Amino acid sequence: MDVKSTKLAANDYKFLERFLDATKSNLFFANGVLIVEGSGEEILLPTLAKLIGRNLSDYGVSIVNVMSKGLIHYANIFKRSDDTKMGIPVACITDRDIEPDVAPNILNQDVQNAKRHWHTESDLLQDPSLQDKLKQREEDINDGDVKAFISNHWTLEYDLVWSGWKNDIFKKTLIDALFQATGIKQETQTKWLKGFDDAKDSESRSVLFYKHVKDHKAEFANYLANKLEDMLGAEISYKEIIPSYLVDAIKYVTGGNNEK
């Protein structure tokens, strides 16, 4: 961890001195590390890993939740100044954070607001600097054993609906977890279900789901994880349902395509 051995910058050390606590220091003793930016990923990943036959405990993998702004500081711990590899796979899971074009209308966002901090797919196509920023973010993370795994579309919840809705069992699990997390009444549940059924496409449906769940992310992840735990052993090809960036991250920290 000394200055000469890592690629940690001075501000990285200051950040880690403030925020590297007992709940995160387990990364020093792991065979593999999943660095995530939210409670949803922290809660769900152990169960998702079991569903694809990669129980994280069996592989000695730790999950470190650094919240929304600390990922690169923790990732830099594993980057060596001489570019050698430590032999510890580190997967940094982060949202792509580019909204689908239908999102502003569904979420009642003002597209004309010059001070807005969010961007849409159309913005990305029209502004090469945004494309450069996305590419640079990935390049800043990738180094040696440290690799970035960016969401396929937008956020965890959106991507779960996008990829999982095609399976009736998984779809019902998502809906049940949403209703439990929000604690809504039956008449509201009926209204929301009609909204999902009437959505014109997968993007609209996934955004609508995100609209309902965005203020209950941790609760939703908890209920969904519990329900998915009950589905362990079911004859479902979860690798085709779970967002591919999560499957790839789990496989990376548990030995790639090698089966334990």
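Q: Which residue in β2 stands opposite I35?
A: Strands are DSSP runs (E, at least two residues), and so are helices (H or I, at least four), numbered from the N terminus. β1 and β2 pair in the parallel sense over five bridges, where pairing takes at least two DSSP bridges between two strands. Opposite I35, in β2, you'll find V64.

Q: What pLDDT do side-chain atom pairs need in this predicted model?
A: This is a predicted model, so local features need pLDDT of at least 70, while totals for chains, interfaces and linings use all residues; numbering starts from 1 along each chain as its sequence is written. Side-chain values use heavy atoms, with hydrogens and water left out, and side-chain atom pairs count only at pLDDT 80 or more.

Q: And in β3, which residue is the bridge partner of I35?
A: Strand β1 (residues 32-36) is joined by three bridges to strand β3 (residues 90-94), and the two run parallel. V33 stands opposite V90 in β3. For I35, the partner in β3 is C92.

Q: Which strands stand at the edges of the open sheet?
A: Four strands make up the open sheet, with parallel pairing and the order β2-β1-β3-β6. Each edge strand has a single partner, so one side of it is left without a neighbour in the sheet; those strands are β2 (61-65) and β6 (146-150).

Q: By how many degrees are neighbouring strands of this sheet turned against each other on average?
A: Axes are lines fitted to C-alpha atoms (for helices, over the stretch in contact), and angles run from 0 to 180 degrees between N-to-C directions. For this average, direction is ignored, and the turn comes out at 20°.

Q: How many residues of β1 are buried?
A: Buried means under 20% relative accessible area, exposed means over 50%, and partly exposed is in between, using a 1.4 Å probe and protein chains only. Both faces of β1 are covered: G32, L34 and V36 are buried on one side, V33 and I35 on the other. β1 is largely enclosed by the rest of the structure, because the buried count is five of the five.

Q: At about what angle does helix α7 run to β6?
A: Helix α2 (residues 39-51) lies across β1, β2 and β3, running at about 160° to β2. Helix α7 (residues 128-141) lies across β3 and β6, and its angle to β6 is about 145°.

Q: What type of aromatic pair do W165 and F209 form?
A: Rings of Phe, Tyr and Trp (its six-membered ring) pair if their centres lie within 6.5 Å; planes under 30 degrees apart are stacked, over 60 edge-to-face, and the rest tilted. By that rule the count is nine aromatic pairs. W165 and F209 sit 6.3 Å apart, centre to centre, with 75° between the planes, which makes the pair edge-to-face.

Q: How many residues apart in sequence are the parts that the W165 and F209 pair ties together?
A: W165 is buried at 13% relative accessibility, and F209 is buried at 0%. W165 lies in the loop between α8 (156-164) and α9 (168-182), whereas F209 is in helix α11 (residues 202-213), so the parts tied together are apart in sequence by 44 residues.

Q: What type of pair do the rings of F179 and W192 make?
A: The ring centres of F179 and W192 are 6.3 Å apart and the planes are at 40°, so call the pair tilted.
The pair links distant parts of the chain, 13 residues apart, with F179 in helix α9 and W192 in helix α10 (residues 186-198). F179 is buried at 10% relative accessibility, W192 is buried at 15%, and the label for their pair is tilted.

Q: Which residues does F209 contact, leaving aside neighbours within four places in sequence?
A: A nonpolar core is a set of buried Ala, Val, Leu, Ile, Met, Phe, Trp, Tyr and Cys residues joined through side-chain atoms within 4.5 Å. In the largest one, with 57 residues, F209 is among those that touch the most other members. Contact means heavy atoms within 4.5 Å, and for F209 that gives V161, W165, L174, I175, L178, F196 and F220.

Q: How many residues are in the second, separate core?
A: This core includes Y13, F15, L16 and L71. Its total is 21 residues.
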